[in-house]
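Student: I have not seen this structure before. Could you take me through it?
Tutor: Certainly; please look at the sequence and the model first.

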Amino acid sequence: MSGKGRAGGPKADLASVLRFATELCAWVATPWALAGWSVAAAVAGVVLLIGLPTVFATPGDKAQVMVPVPGAVTIALVLLQLAAAVAASWAAWPLWAAAAVTVLAAACLVTERPRWRRLLAAG
């Protein structure tokens with residue numbers, strides 16, 4: 001993230017807010033969709049969705065990076081979150097909720113473009 005917010009914390013721009021909202025949908029909808037098939041798969045799905053972006057990050061995109069990766073990997077992880085949010089919401093939730101998540105993910109795709117250009121240029 002670029003810049004700082006009021007209390008010295010990270011600046012919350014529209015792209016980061018939409019990305020986080022979509023991630024939350026993925027974290028809730030994925031285990032919900034998988035639980036009927038396998039509780040272990042539901043747990044593994046949410047652990048992967050939260051764990052992969054926590055461990056792997058592009059230097060300069062996060063304050064702390066455990067395992068540095070190129071920008072394309074960070075973009076792929078965001079796309080994974082978006083795909084999981086959309087697919088799982090359609091599998092587990094009512095039509096109106098899945099449609100809302102789909103619109104949210106589409107908005108996220110649009111607002112993420114400047115960040116993705118920056119991530120690809122850094123590599």
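Tutor: Let us begin with a term: contact means heavy atoms within 4.5 Å. Please also keep in mind that this is a predicted model.

Student: Which residues is W116 in contact with, leaving aside its neighbours within four places in sequence?
Tutor: W116 is in contact with I75, V78, L79 and L109.

Student: What residues have the most contacts inside the largest nonpolar core?
Tutor: W116 is one of them, along with C25, A26, L82, A85, W93 and V101. That core has 19 residues.

Student: Which helices each supply at least two residues of this core?
Tutor: They are helix 1, helix 3 and helix 4. Helix 4 gives the largest share, with seven residues.

Student: How far does helix 3 reach from its first C-alpha to its last?
Tutor: Helix 3 reaches 31 Å with its 22 residues, close to the 32 Å expected at 1.5 Å a residue.

Student: And which of its residues are buried?
Tutor: The buried residues of helix 3 include G71, T74, I75, L77, V78 and Q81, and further along L82, A84, A85, A88 and S89. Among the elements that cover them are helix 1, helix 2 (39–55), strand 1 (56–57) and helix 4.

Student: Changing topic: how many aromatic pairs are found in the whole structure?
Tutor: A search finds two aromatic pairs. In one, F20 and W27 are edge-to-face, 6.0 Å centre to centre and with 80° between the planes.

Student: Why does F20 count as partly exposed?
Tutor: F20 counts as partly exposed because its relative accessibility is 43%, and the partly exposed class runs between the 20% and 50% limits. W27 is partly exposed too, with a relative accessible area of 22%.

Student: What about the pair of W32 and W93?
Tutor: W32 and W93 are also edge-to-face, at 5.6 Å centre to centre and 75° between the planes. This pair links distant parts of the chain, 61 residues apart: W32 is in helix 1 (residues 14–35), and W93 is in the loop between helix 3 (71–92) and helix 4 (95–122).

Student: Are these two buried or exposed?
Tutor: W32 counts as exposed at 52% relative accessibility, whereas W93 is buried, with a relative accessible area of 17%.

Student: One last residue: what does A29 touch, not counting residues up to four places away in sequence?
Tutor: A29, which is found in helix 1, touches A85, A88, S89, A92 and W93. A29 is buried, with a relative accessible area of 0%. From A29 to V101 the C-alpha to C-alpha distance is 9.9 Å, although they are 72 residues apart in sequence.

Key. Residues numbered from 1 in each chain as written. Predicted model: local features only at pLDDT ≥ 70, side-chain atom pairs only at ≥ 80, totals over all residues. Heavy atoms only, no water. Phe/Tyr/Trp six-rings, centres within 6.5 Å; stacked < 30°, edge-to-face > 60°. Buried < 20%, exposed > 50% of the residue type's maximum accessible area, 1.4 Å probe, protein only. Helix = DSSP H or I, 4+ residues; strand = E, 2+ residues; numbered from the N terminus. Core = buried A, V, L, I, M, F, W, Y, C linked by side-chain atoms within 4.5 Å. Expected span 1.5 Å × (residues − 1).
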